[in-house]
Every structure is written in structure tokens, then in C-alpha cells.
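User: I should like to understand how the descriptive terms applied to a protein structure are justified. Could we take them one at a time?

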Amino acid sequence: MMNPLRMASGAAGLAMLLGTSVASAMPVLSISVDRAIATEGTLQPVRVELRLNEPAPAGGVCIDLDLAGGTARPDQDFRLAMSVPRIPEGGMMASVPIMIIDDQISEPDETVLIVLRPSDCYQVGPSRQFSLLIRDDDDDPVSLGNRLQQIVATVPDPLVASQLSNLGQLCATNRPPPGSELDRRCQLLRLALRDPGAAQQLIRSLRGVLGEEFSSQRRGFRMLAGTQMGALGRRLEAVRHGGGAGVALVDSQLLGGNGALSLSANLAEDNELLGRGIGLFASVTLGDGKRQSSALESGYSNDSAAYLLGIDKRVGLDWVFGLAYTRNRFDADLSGDSGDLGLRSNALNLYFSRALASGWIDGSLGYGKGRLKQTRIATFSGQTDEESFSSVDVLRGSPDTTLLMATLSAGFDWQRGNWSFGPRAAFEYSRFDVDAFAETAVEGSDAFAVALQEQRVQSRLARLGFGSQWAISTRHGVLLPQFDAYWVAQFENEAGVIRGSFVNDPQSQEFLLPTAGVDARYGEASLSLAMQFAGGQSGFLSYRRLFGFADTEQDYWSLGFRWEL
């Protein structure tokens with residue numbers, strides 16, 4: 001007969017074995033959440049996924065999910081979009097969407113504790129609870145503004161600081177449409193005001209939408225004005241070095257002593273080199289250069305062309321009066337594939353030259369109109385609570401421009417046989433006005449498109465230099481190798497600001513974009529060869545280079561002809 005205690009022990013063991021087998025037969029259920037942070041007002045629900053380690057047995061698997069923990073309140077801060085479903089027989093997963101409620105109340109960030117409770121339908125897996133953070137988006141504007149200014153104050157780059165302030169203004173004026181490109185960027189800003197790491201991310205992202213292009217644009221304005229004045233200045237230099245006799249050798253686009261026939265070159269008898277005093281002239285100057293990027297300005301490579309056509313009349317031996325038409329082109333490709341700049345301008349210039357023994361006085365007045373076309377490529381990337389994103393916006397503006405310019409110059413030459421040399425001085429003024437304009441999106445979003453107010457770029461500069469020529473007579477005319485060098489002082493060299501607003505800002509709140517200053521002092525030098533033929537026909541070749549121009553390399557080549565009538 002079997003021992004009763006052994007039987008009881010065996011029964012208990014069997015019961016324990018059966019219990020273990022039943023427990024091990026239950027599937028293991030775990031939870032996961034698609035994101036850890038959600039912002040009030042988001043249109044994307046937070047999805048809680050419940051996943052089995054094996055297909056659900058007959059009858060399916062019921063789920064006991066608890067969302068009562070944490071500081072967030074059900075039906076006030078969040079709610080389930082549907083009841084918690086069963087995992088059907090043979091299934092392995094169920095999904096529960098949690099909607100985040102936008103309560104329009106300024107309050108601290110809140111949490112929802114998502115807990116998977118034990119059940120007879122499953123075993124609880126190692127991932128059994130999750131804490132979801134709900135960010136508040138209704139902060140007190142004063143508090144947000146103070147936090148924004150704290151971030152701005154820590155940014156050493158003035159353009160980044162400016163754009164950060166601009167974005168803050170734009171996002172504060174009117175809530176962008178949910179899901180829009182601008183809404184994404186405002187979400188990133190709101191996140192940055194709460195999270196130092198997100199603030200650094202935003203600062204890095206703003207490097208792609210800065211306004212360095214506008215500072216480069218202003219530098220292009222100055223170069224265009226210099227191009228027009230310089231082409232005319234070459235004409236005046238040619239006239240005066242002909243001793244008022246109308247010898248016209250138009251040189252490159254910057255003022256200087258090139259392209260002139262010295263008084264000692266009048267070696268042919270009966271003035272057969274000079275003609276009757278009415279001259280038609282034409283020249284072309286091609287420029288090529290590059291500028292390195294700075295904190296406030298995009299670098300660029302540029303090419304330019306200045307075309308000049310005119311007529312002048314010699315009155316006696318002391319005066320020359322003339323009229324010239326100038327067509328200018330300046331194109332720049334901005335560094336880092338950030339856009340391009342194109343300037344086109346037409347101008348009319350009146351000028352005179354007065355010969356004074358071995359010296360001269362010249363003057364000119366010009367007026368021109370043109371068109372600017374600037375394409376700006378803004379790249380922006382970031383990661384919000386909702387998503388990671390990257391966008392490329394191609395923005396374009398095409399304002400009209402107006403140019404007013406005036407020059408006054410004087411000089412003196414000493415003669416030593418066929419060599420002449422002496423000092424030169426000039427004063428130049430130019431005023432470049434740009435109409436107000438608004439950028440439009442050629443591609444992508446206009447979230448960071450700007451509307452700029454009217455701009456006025458003025459330049460006052462003085463040139464002091466030295467020029468020399470050597471006249472070489474031949475049987476067909478005169479060859480004139482020349483050299484000149486100038487020291488240039490720019491009086492309008494201070495950094496300025498560009499005023500504008502975001503196109504999408506319904507209140508059009510003004511912001512300021514700082515711009516780079518220009519070099520106050522630099523130098524120029526050139527070499528040229530002029531040719532004067534019998535009957536007044538002439539021509540020249542010239543090369544000019546700028547020196548001491550910070551972060552800039554610039555060269556010019558010129559070719560010109562004149563026909564005496």
C-alpha cells in the first residue's frame with residue numbers, strides 16, 4: 001500500500017507542475033510608445049503598441065492598460081481615441097492612440113504614466129510601463145520672451161541672434177497653421193525655450209536661413225557704382241592727358257591715370273594725331289574676383305562687365321564736354337550654394353574736362369536705373385517632438401534700383417622728355433537706392449521669406465595717387481606704356497542694418513539684419529598700353545588689381561577704341 005504522505009506530496013507536486021504549465025502557456029505582453037514627448041495641440045496622436053511574444057490563443061487576449069498615473073488629467077490633458085481593444089486569436093499586436101488636448105492654459109509640463117497591469121490573460125513582459133511627457137504650449141508670453149532673450153544673449157554670431165529674435169517675433173504674432181512648415185519651425189523654437197540641447201540645435205539650423213546674402217548684395221551695389229564711375233573716369237583721364245585736345249583712351253572701371261596720351265606725345269606735325277575734336281568712343285571692362293565668407297556676409301565669386309559708348313566735343317584747346325551711356329552687369333555666385341546675385345544697370349553721364357597748363361580739373365554727373373535679381377537658398381533642418389525634418393527653400397526678390405553719382409578730380413604732370421609723371425587726386429560720391437521688395441518662394445516654403453524696406457547705400461571716397469607715362473613714337477603713331485597707383489579712403493565704411501519683416505507675419509513686425517562694413521583703406525594699381533594713330537584713332541589694353549582689400553581678390557581687364565570725326 002502506498003504511503004498517504006507520499007501520495008499527498010505527489011498530488012501537490014502534480015498540482016504545482018500543472019500550475020506551472022498553465023502559467024507558461026500564457027503569452028507574454030509588452031508595451032512600447034512611438035514617442036516620449038508630445039506637445040499640446042499636436043495633430044499626431046501618441047500610439048501605444050501592445051505586442052505578444054507569440055500569436056494569441058483561442059478567444060484572444062484581453063488587455064488591462066492603466067493611464068491614470070502621472071500629473072496629466074484624463075479628458076482634460078489627454079484622452080483615448082478608442083477603447084483598449086483585445087488582441088484577436090492568432091494576432092500579436094494591438095494599438096491604442098492617445099490624443100493630446102490643447103487646453104489653452106499656461107501650466108507646467110505634465111506626465112502620463114502608462115502601465116500594463118497583471119492579468120489572467122497574459123504574462124507581463126519586461127517592458128511594462130512608460131512615462132509620456134506632455135509639453136505645454138501656452139507659456140506666459142513675458143516668460144517666453146525672457147527665455148528667448150537669454151538664449152539670444154549667449155549667441156556670439158549677430159546674424160544668428162538676429163534671426164532667432166525674428167523667428168520669436170514671427171511665432172509669437174500668430175500661431176501658424178498646424179502641420180505647416182512654419183509651424184514646424186515654431187515648434188522647434190518652443191522646444192528650444194525649454195531644452196538647452198534643443199536651443200543649440202535651433203542655433204545650428206538657423207545658419208541655413210541667415211541674411212548674409214543681403215550684406216553681400218549691398219557690397220555688390222557699391223561695386224556696380226564704382227564700375228560706372230570708373231569707366232567714365234577713364235574717359236576724363238584720356239581727355240585731360242591729351243592737353244584738352246580730345247585724345248580719348250578710355251580705360252578700366254576704376255578712376256586712375258591710365259589710357260592717356262601725354263602732352264609730350266604730340267610729336268607728329270600739324271597735329272595729324274588729333275583730328276577735328278569730335279570723338280566717338282567705346283570700351284569694355286571685364287572683372288573677375290572672389291570674396292571669403294565672414295560672420296555677417298556670404299562669400300562669393302563674381303564676374304562683371306562694363307560697356308561704355310559716348311561722344312564728346314573739344315571746345316578750343318582747354319575744354320571738353322561729353323555725354324556717355326554705360327551698361328553694367330554684375331553677377332555673383334554665393335558660397336555654399338546659398339544663392340546668386342545679378343545686377344543690371346543703364347546710366348547716362350555728363351562730363352567736362354578743363355586743361356590748366358600742366359594740370360587739369362575734371363567733373364561728371366550721372367544718373368542710372370537698373371534691376372536687381374537675388375535668389376536666396378535657405379536650408380533648415382531640425383527635430384521636434386513630432387518628427388525630424390529638413391527643407392530647402394528657394395526665395396527670390398527683384399527690386400528696381402536707382403543710381404546717382406558725381407566725381408571731381410584734378411592732377412598735375414611734369415614733363416621730362418617723353419616721360420610725364422605727377423600726382424592725382426579725386427573725390428567720388430555715389431548713392432544707390434533700392435526699392436522695397438518681398439521675396440517669393442520659387443521652390444519649397446516661404447516660411448522664412450522676407451520683405452525688405454527701401455535701402456540707400458551711399459559711398460564717399462577720396463583717391464590719392466601717382467601716374468606716369470612714357471611716349472614711344474613710331475611711323476604709324478604713338479605707343480604709351482603707363483603705370484598708376486592709388487591709395488583709396490572710403491568715408492562711408494560703417495556697418496549698417498537692413499530693415500525688414502517676415503512675409504508671413506500678419507503684424508509685419510520690423511526686424512533688423514546687421515551688415516558688414518566695407519574697407520576704409522585699400523590700394524589700386526594698373527598697367528596699360530595705349531596706342532594713338534594718325535587721324536585721331538586710338539585704342540588701349542589695361543590690367544588693374546585691388547590691394548589690401550580684406551578677404552577679397554579683384555582683377556579687371558579693359559579694351560577700348562576711339563574714332564575721331
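Analyst: Let us begin with accessibility: a residue is buried under 20% relative accessible area, exposed over 50%, and partly exposed in between, using a 1.4 Å probe and protein chains only. The model is predicted, so local features need pLDDT of at least 70 and side-chain atom pairs pLDDT 80 or more, whereas totals for chains, interfaces and linings use all residues. Residues are numbered from 1 along each chain as its sequence is written, and side-chain values use heavy atoms, without hydrogens and water.

User: Why is Phe352 called partly exposed?

Analyst: Phe352 has a relative accessibility of 27%. Partly exposed covers the range between the 20% and 50% limits, therefore Phe352 counts as partly exposed. Trp319, at 33%, is partly exposed as well.

User: What makes Trp319 and Phe352 an aromatic pair, and why is the pair called tilted?

Analyst: Rings of Phe, Tyr and Trp (its six-membered ring) pair if their centres lie within 6.5 Å; planes under 30 degrees apart are stacked, over 60 edge-to-face, and the rest tilted. For Trp319 and Phe352 the centres are 6.1 Å apart and the planes make 40 degrees, so the two rings qualify as a tilted pair. Trp319 belongs to strand S12 (residues 319-334) and Phe352 to strand S13 (residues 339-356), so the pair ties together parts that are 33 residues apart in sequence.

User: Why is the pair of Trp414 and Phe421 called tilted?

Analyst: The ring centres of Trp414 and Phe421 are 5.9 Å apart and their planes stand at 40 degrees, so this pair is tilted. Trp414 is partly exposed at 39%, while Phe421 is buried at 15%. Both rings belong to a cluster that ring pairs form from Phe412, Trp414, Trp419, Phe421 and Phe466. The structure holds seven aromatic pairs.

User: How do you know that strands S10 and S11 pair?

Analyst: Strands are DSSP runs of E with at least two residues, and helices are runs of H or I with at least four, numbered from the N terminus. Two strands pair if DSSP finds at least two bridges between them. S10 (residues 278-291) and S11 (residues 300-315) are joined by 14 bridges and run antiparallel, so the criterion is met. Thr285 has Ala306 in S11 as its bridge partner. S10 is also joined to strand S29 (residues 552-564) by 13 bridges, again antiparallel, with Ala282 opposite Phe561.

User: Which side chains of S10 are buried, and which are not?

Analyst: The side chains alternate along S10: one face takes Gly279, Phe281, Ser283, Thr285, Gly287, Gly289 and Arg291, which are buried. Those on the other face, including Ile278, Leu280 and Val284, are not buried. In a regular strand the side chains alternate between the two faces of the sheet.

User: What makes S5 and S8 edge strands?

Analyst: Five strands form an open sheet of mixed pairing, in the order S5-S6-S3-S1-S8. S5 (78-80) and S8 (123-124) each have a single partner strand, so one side of each is left without a neighbour in the sheet. S5 pairs with S6 (residues 93-100) in the antiparallel sense over three bridges, and Arg79 has Met99 in S6 as its bridge partner.

User: How many helices and strands does the protein have, and what percentage of its residues is buried?

Analyst: The protein has six helices and 29 strands. Of its 565 residues, 51% count as buried.
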